[in-house]
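The exercises below are meant to be worked through with the sequence and the structure at hand. Try each task before reading its solution.

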Amino acid sequence: MDKIIELFNVTKLYNIGEKEYKALDNVSLEINKGDFVVILGPSGAGKSTLLNLIGGMDSVSEGTIFIDGTNITNYNEEALTKFRAENIGFIFQFYNIFSNLTVLENVELVNDVVRNPINAKEAIKSVGLENHINKFPTQLSGGEQQRVSIARAISKNSKILLCDEPTGALDSKTGIEILKLLKYQCSNENNTVIIVTHNTLYTDIADSVIKVKNGKIENIIKNDKPKNIDEVNW
Amino acid sequence: MLRRKFFRDIIKNKSQFITIFAMVFLGVFIYSGINSYMAGMQYVADRYYDENNFQDIWIIGTNFTKNDLNNIKNINNVRDAERKLSVIGSINNIKDSTIQINFIESNNISKFYVKNGIGFNRDIDGVWIDSYLANNNNLNVGDVITVKYGNETFDKKIVGLIIVPDHVYDPKSEAEIFPTHTDYGFIYLSDKQFPYKAEYMQYNSVMVDVENISATDETKVNIENKTSNWIAVTDRGDDVSSQTYKAEMEEGTTYVVVFSGIFLFIAILSVITTMNRFVKKQRTELGILKSLGFKNKKIMKLYLSYGFWISLFASILGLITGPMVIGKVFSNMVIKYFAIPELYTIITAETYFVSGIVVVVIALVTYLSCRKELKEKVVDVLREKSPKENKSNINFNNKIFKKIKFSTKWNIRDAIRGKARILMGIIGTTGCCALIICAFGMLNTINDYVNWQFNELYNFKYKMTLNRQYSEDNYNNIVSKYGNNTSQTLNVEIKNSESKEINNITVDNSNGLLKYTNINRKYIELNDDGVYITSKLAERLNLNVGDNINWHILGDETWYNSKIIGINRNPQNQNFSMTKKYLESLEINYRADSIYTNYDMSNIKELEGVDIIQNKDFIKNGTENMISTVKSMIIMIIVAAIILGAVIIYNLGILSFTEKSYQFATLKVLGFSTNKIRSIFIEQNFWVTLIAIILGGPLGYYITYVVFKMALSEDYDMIAKVDNISYLYGILGTLIVSYIVNNILSRKIKTVNMVESLKANE
């Protein structure tokens with residue numbers, strides 16, 4: 001299968017005061033195109049750091065990162081900005097949508113930075129919010145707000161969707177719906193979806209599970225027959 | 001531990017706290033600066049007039065005898081009286097000088113304030129000289145000056161450099177409004193030094209000191225009834241010197257009200273918004289303290305201390321430095337024209353009170369914002385407040401709005417949600433723009449006044465002020481050589497149904513060398529069938545065209561009734577005018593006291609029968625010199641306005657930036673370039689600046705209008721004028737300030753750390 005993400009000996013150091021803190025330590029991994037990947041680990045394990053590096057939000061201290069065959073390791077800020085605009089869709093735990101823009105505007109927003117966006121209304125329809133396009137975020141539930149965030153990522157027509165605890169702020173029923181949406185994007189639209197979580201139940205539905213502990217990859221589990229979301233006892 | 005939090009919060013939010021400090025400091029600095037110089041002027045003058053026993057009543061006459069003096073002294077309420085002979089002469093040591101020579105018998109009323117040398121002694125054969133005049137001409141105690149009076153020339157040794165309460169404001173003539181103290185001044189001599197025979201000593205004024213100042217009017221009537229030889233009996237209310245000084249103080253009051261009022265208002269508004277935002281931003285931390293078991297009182301005390309200490313320090317610093325800087329600049333300006341003892345600044349109780357109020361208001365706002373948060377349950381305060389639902393009536397789904405580019409939409413929405421912040425930004429920036437325009441407008445108005453007075457109304461090159469005793473021959477010689485273009489000033493008392501007024505009438509026979517303008521500043525010709533009144537005086541006396549006035553010449557009890565046939569406008573004198581022909585129709589003899597000419601008199605030093613020869617350009621230059629002093633004030637206003645604008649725009653930007661850093665981080669994550677985010681950020685401030693410029697233009701004109709309406713004394717009537725270039729300066733100044741500040745702020749966007757900002761938001 002085509003590899004879309006490759007990390008070679010990636011280390012990320014943070015300076016906290018005079019001390020150096022190793023958030024990631026010599027991490028190497030590969031992720032295939034169209035996979036539904038779960039990065040699992042306890043708090044402080046380095047999951048979000050890993051996601052941020054893949055997404056070009058942060059740069060490595062050591063090592064190399066290839067995204068879709070391109071080495072992004074030494075990209076400057078401008079190049080990383082372009083890279084994020086064209087390749088990455090982010091979905092955050094707390095949605096990060098703009099409270100002063102309507103649903104439609106929040107999604108249309110990406111038209112300013114993406115060359116071939118997916119029509120915003122279609123993206124909104126695909127997440128089931130077609131009846132709410134003129135509402136403001138405060139008029140929506142948490143689940144609906146997260147759908148807006150997903151619609152925005154979809155509209156970007158990105159190859160990779162990076163999700164940091166996407167259901168963390170939602171009740172389980174709404175969380176399941178969001179996961180179904182993400183899974184749909186993966187299986188039907190051939191997007192690579194990477195979810196960071198500490199919820200072990202996610203392991204059953206993922207194509208592969210990357211377990212992170214103390215900044216290192218503990219193990220990578222390939223799941224040949226991932227379960228259907230409805231089959232999991234949430 | 002809370003103290004540590006206090007200091008760390010201040011460091012963390014240093015930008016906001018620096019702006020709070022700057023705004024409070026600037027507001028109090030300007031207020032206390034202007035107020036202190038004004039209070040100093042008032043205090044110094046009160047003390048000077050009091051300690052030097054400034055005369056209460058002036059009696060002007062022809063020849064006051066010893067007997068007249070004794071009669072005056074015996075009048076009820078008169079404590080003391082002294083005679084004085086004032087004549088015009090010159091000092092040979094000073095080029096082209098015109099000197100008021102005063103002979104006195106004693107000096108207990110309007111006593112000398114000796115700056116150097118000795119006080120008055122009747123037996124000393126020496127001269128006491130105006131210290132301003134002496135300083136400007138390098139004369140000092142011990143020098144000998146040659147005094148020329150009439151045909152006599154005599155040498156006198158200077159025994160004292162003095163100032164006198166009568167000469168606080170002492171210009172050469174009514175045409176010269178800003179005394180230069182270079183070629184005009186006064187000297188005092190003992191009556192024993194009178195160069196002519198004693199029988200020629202004809203005292204022409206008596207200074208009166210009264211017991212009870214409130215009974216002055218009654219005393220004046222008694223003097224008029226019981227004394228002969230008087231022409232006019234006036235009091236401090238009619239004294240040009242003390243009244244001009246008083247007007248200057250009133251002008252100061254206008255500056256306090258207008259300028260420091262604007263600064264304080266904007267400063268407080270800005271600080272209130274910032275403190276309110278700060279407390280709201282600290283909501284969850286406040287909740288944490290609450291959840292830890294800190295009492296509301298303790299939390300309140302902590303949060304109160306942020307606004308309180310910062311504003312207290314800023315206030316104290318403003319209170320100390322305002323008088324030292326602004327007060328000093330104004331005092332130095334004032335003391336150039338007004339001859340008073342050393343002028344110093346005074347911090348009044350009112351200034352302490354206002355500075356205290358600023359601190360209290362800021363503390364109160366902090367208290368109210370904090371109380372609002374503390375009222376909520378711990379569990380609620382711990383949560384970020386969800387943004388308010390948009391309740392605006394604007395339909396954001398209409399076609400036009402949908403077509404607007406994203407950044408504009410975003411900014412419109414943001415502005416609607418942050419109305420207070422935007423409003424504060426608009427008010428502050430409008431203030432900046434308006435003050436710059438006003439500062440230049442003040443300069444335009446004064447230049448316009450100089451042009452109006454000296455180029456439009458004075459159509460002559462030289463003015464000769466005739467000696468009171470000039471002969472027919474003197475007169476004929478002058479007019480045959482320089483033209484028969486003359487005027488006479490009649491000192492009159494006017495009575496209408498409502499009031500009595502001592503003023504003057506210019507009787508015009510200048511053949512167009514004195515011009516007149518109507519209220520629209522268009523030239524008018526005087527008709528021969530009545531009197532004209534200047535518009536400002538007409539307004540004050542509630543008179544109009546068609547009304548009649550009763551008047552008599554001071555020293556003559558014949559009353560006349562004249563119809564007002566026109567209203568003219570004059571920037572420098574508020575009085576009445578009539579033609580020689582009309583005066584003679586009332587059977588009053590015309591005797592010119594001034595002659596105007598366009599002949600070159602540059603080589604003429606003196607003329608028989610003439611007291612003063614004045615070159616119009618010289619008077620004009622004197623006034624223009626004054627403008628250079630005004631310029632220092634204007635520069636001060638501009639600097640303050642620019643600081644105000646910069647601080648407000650910076651504050652607006654920093655508030656906006658702090659509140660939106662997570663939004664900017666999200667935009668960054670989505671792939672928006674730094675430049676694109678910068679343009680979104682700058683756009684809002686640009687719109688605020690644009691609105692401020694639109695509002696600032698008319699407001700700038702209005703402030704200029706108010707300043708000249710309120711600050712000018714009764715005599716002046718300048719028309720507020722703001723040239724187009726001044727509007728351009730204001731607009732450009734505001735835009736440049738806005739551009740620079742926005743540029744500095746927008747650089748911060750580059751520093752937004754996506755990971756940290758997004759995490760912080762969580």
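**Exercise 1.** Determine how strand β9 of chain A is joined to β10(A), and place this pair within its sheet, keeping in mind that the model is predicted.

*Solution.* Begin with the pair itself: β9(A), residues 208-213, and β10(A) run antiparallel and are joined by six bridges. Within this pairing, A:Lys211 stands opposite A:Asn219 of β10(A). Next, widen the view to the open sheet of six strands in chain A, which has the order β6-β7-β8-β3-β9-β10 and mixed pairing. β6 (88-91) and β10 (216-222) of chain A each have a single partner strand, so one side of each is left without a neighbour in the sheet. Ignoring direction, neighbouring strands of this sheet are turned against each other by 15° on average. Finally, add the helix: α5 of chain A, residues 142-155, lies across β6 and β7 (160-164) of chain A and runs at about 175° to β6(A).

**Exercise 2.** Work out the strand order of the four-stranded open sheet of chain A, and find which helix lies across β1, β2 and β4.

*Solution.* The order is β2-β1-β4-β5, and the pairing is antiparallel. At the edges are β2 (19-32) and β5 (70-71) of chain A, each of which pairs on one side only. Turning to the pair β1 (residues 3-16) and β4 (residues 62-67) of chain A, one finds five bridges in the antiparallel sense, and A:Phe8 stands opposite A:Thr64 in β4(A). The helix sought is α1(A), which lies across β1, β2 and β4 of chain A at about 120° to β1(A).

**Exercise 3.** Describe the interface of chain A and chain B, first by its extent, then by its polar pairs, and lastly by what chain A contributes.

*Solution.* For the extent, count residues first: 31 of chain A are in contact with 33 of chain B. Together the two chains bury about 2,900 Å², with 57% of this on carbon and sulfur atoms. Of the area that chain A buries against chain B, 20% is supplied by A:Asn96, A:Phe98 and A:Asn100, more than by any other three residues. For the polar pairs, there are zero salt bridges between the chains, while four residue pairs are in polar contact across the interface. For the contribution of chain A, the elements giving two or more residues to the side that touches chain B are α1 (47-54), α2 (77-87) and α3 (103-108), and α2(A) gives the largest share, four residues. By character, the residues of this side divide into 12 nonpolar, 11 polar and eight charged.

Definitions and conventions. Residues are numbered from 1 along each chain as its sequence is written. Chains are lettered from A and ligands numbered from 1 in the order in which they are written. This is a predicted model: local features need pLDDT of at least 70, side-chain atom pairs count only at pLDDT 80 or more; totals for chains, interfaces and linings use all residues. Side-chain values use heavy atoms; hydrogens and water are left out. Contact means heavy atoms within 4.5 Å. Buried area is the accessible area (1.4 Å probe) that two parts lose on being put together, summed over both. A salt bridge is a side-chain nitrogen of Lys or Arg within 4 Å of a carboxyl oxygen of Asp or Glu. A polar contact is a pair of N or O atoms within 3.5 Å; within protein, one must be able to donate a hydrogen and the other to accept it, and residues adjacent in sequence count only if both atoms are side-chain atoms. Ala, Val, Leu, Ile, Met, Phe, Trp, Tyr, Cys and Pro count as nonpolar, Asp, Glu, Lys and Arg as charged, and the others, Gly among them, as polar. Two strands pair if DSSP finds at least two bridges between them. Axes are lines fitted to C-alpha atoms, for helices over the stretch in contact, and angles run from 0 to 180 degrees between N-to-C directions.
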